[in-house]
Amino acid sequence: MCTSAPSLGGQGDVINPLWTVHNSAYSATAFALERERILRRVWTFVCHSSELPEVGSFLTRQVAGDPIVLVRTGAETIRAFHNVCRHRGSLVVSEPSGTGKGFRCPYHHWAYSMEGELLALPGEDAYAGSGFVKSQTGLVPLRVDLACGLVFVCLDPDAPPLHDYLGSDLLAVLEAPLGEASYEIFHYDSWLLKANWKLFAENGRDGYHVPFVHHTFLGKASPPQPYRLFPTGHAVQHVTWAHDAVDEETWRQTTRFPLPGFQPGDGWIVNIFPDVVVMARTSVVEILSQVPLTHEETLYEVRVLGLKGDSEEARVCRRLAFQTWLQTQQPEDKQAMENQQWGLVSQSVRTSIIARGVDATTGIRGDDNRLRQFWQVWRSMLGTDRNAVPEGGSQSATWPGESRL
Ligand code: FES
Ligand SMILES: [Fe+2]
């Protein structure tokens, strides 16, 4: 039994302060603290392993503001480095992705191997007697690990290993179906979300909005089912597709090729703290993730996976499943999150409410336990006792880049 004793949210007409969020938590001050205390300490999802398809494939990203580069160095090996030249600090790799045999900094042509060693530099003799040691001046590595094909990095050398961070219960959910076959991305999309990164993290934990924001479809298609919360901030909810939400032919086509271990209609939603949502839905897996850019802008990414080696017919059905059951949600959620960002700039209305349902480690879609769990871990990592930026500094959320008048 993992449900904790119910507790009342407030007394009389006063809401428990921990069941509210102050909009200073979405300010630039909060974002600077979050980068140091949360985003630099957690395991951050970067990509799916199929995005580095061959030895020499690389891609560049930023994590908590730090530029990094990932490179496949073997069939089973991916390495990650800070994408910063050891000479004068230029980006070594400026392309978003590609394939090569090593890296050459564009500024003074220092050349590094895929393993990060400094191999050659023009005019090396001039460093004689300076104390410069070539073999000690390679690219600086950072931690990288995979779980079921999902590639994560971590800037914190003292953080627990990825598999401990995710936990065995959550990994067991991811394993079926992700661990039972090889997958590849067949659809990728990204856009600039004009909203604080936590609005996305919260949206993925807010089941209350589903029948209203996604009213054209999902209110009928995804009946609420219990979820489980983990103390680490992760959550899982098993979900089904309602057979009667679509016509018979669409149902047949979208469930014809279930993923390993799934029956037609099966699925789950996994929230990985702080902000990744993985949805396995009968015949497709969707990964929603983001790169927090500033306190008011976020790069929002969508990846959709099918099985490696899918027949053309299977891929057509998976694509139809994505388009039918999942794709419409993204613009709807984007609009909802950006509307929320506009409201959060208010200097007059400073708090919002996350008080639905009693505190518990299980629940159903529509209560706010997953949101409160997010904020509980947020407070713990940020070192604060309320859902607000600690005292000091600017405490205002702002309009993203432009006036809305
Ligand atoms: S900054 Fe990279 S070679 Fe000079
Ligand atoms: Fe949504």
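A residue counts as buried when its relative accessible area is under 20%. A64 has a value of 14%, so it is buried. The model in front of you is predicted, and A64 is a good place to enter it. This residue sits in the loop between β5 and β6 (66-74). Its phi is near 50°, a positive value in a residue other than glycine.

T282 offers a second case. Its phi is positive too, at about 55°, although T282 is not a glycine. T282 lies in the loop between β18 and β19. Its relative accessibility is 0%, so T282 counts as buried.

Two peptide bonds also deserve a look. One joins F273 and P274; it is cis, with omega of about 5°. P274 belongs to the loop between β17 (267-272) and β18 (276-281). The other joins A176 and P177, again cis, with omega of about 20°. P177 is part of helix α3 (residues 168-179).

Now turn to the interior. The largest nonpolar core holds 92 residues. Which of them touch the most other members? They are L70, L178, W268, V270 and V278. Helix α10 (residues 369-382) makes the greatest contribution to this core, seven residues. Domain 1 (14-41 + 196-382) and domain 2 (50-158) each provide at least three residues of the core. Take V278 as a guide to the packing. Leaving out residues up to four places away in sequence, V278 touches L150, L178, W268, I269, V270, I272, V285, E286 and I287. A second core, separate from this one, has 15 residues, among them F81, V93, C105 and L139.

Next comes the empty space. Rolling a probe the size of a water molecule over the atoms reveals where such space remains. There are two cavities of 30 Å³ or more. The second largest cavity has a volume of about 210 Å³. It is lined by 18 residues, and T44, F45, D275, Q290 and P292 are the closest to its centre. Where does this cavity lie? Domain 1 and domain 2 both give residues to its lining, so the cavity lies between them. At least two lining residues come from each of α1 (28-39), β4 (44-48), β5 (57-63) and β19 (284-292). β19 has the largest share, four residues. By type, the lining splits into eleven nonpolar, four polar and three charged residues.

Pockets are the open counterpart. The largest pocket encloses about 450 Å³ of space. Its lining has 21 residues, with S49, R72, E76, L146 and G149 nearest its centre. β7 (77-82), β12 (141-147) and α3 each supply at least two of the lining residues. β12 gives the most, three. Helix α3 is also the helix that holds P177. The lining of the largest pocket comprises ten nonpolar, seven polar and four charged residues.

The second largest pocket has about 380 Å³ of space. Among its 20 lining residues, D206, Q340, I353, I354 and L371 lie closest to the centre. Helices α4 (197-203) and α9 (329-344) and strand β21 (351-353) each supply at least two residues. α9 gives the most, with four. Here the split is ten nonpolar, six polar and four charged.

Conventions:
Residues numbered from 1 in each chain as written. Chains lettered and ligands numbered in written order. Predicted model: local features only at pLDDT ≥ 70, side-chain atom pairs only at ≥ 80, totals over all residues. Heavy atoms only, no water. Core = buried A, V, L, I, M, F, W, Y, C linked by side-chain atoms within 4.5 Å. Buried < 20%, exposed > 50% of the residue type's maximum accessible area, 1.4 Å probe, protein only. Domains from an automatic or database assignment. Contact = heavy atoms within 4.5 Å. 1 Å grid on protein atoms, 1.4 Å probe; cavity = no way out; pocket = protein on both sides within 12 Å on 5 of 7 lines; lining within 4 Å. Points joined across faces, edges and corners; volume = space filled by probe spheres on them. Nonpolar A, V, L, I, M, F, W, Y, C, P; charged D, E, K, R; others polar.
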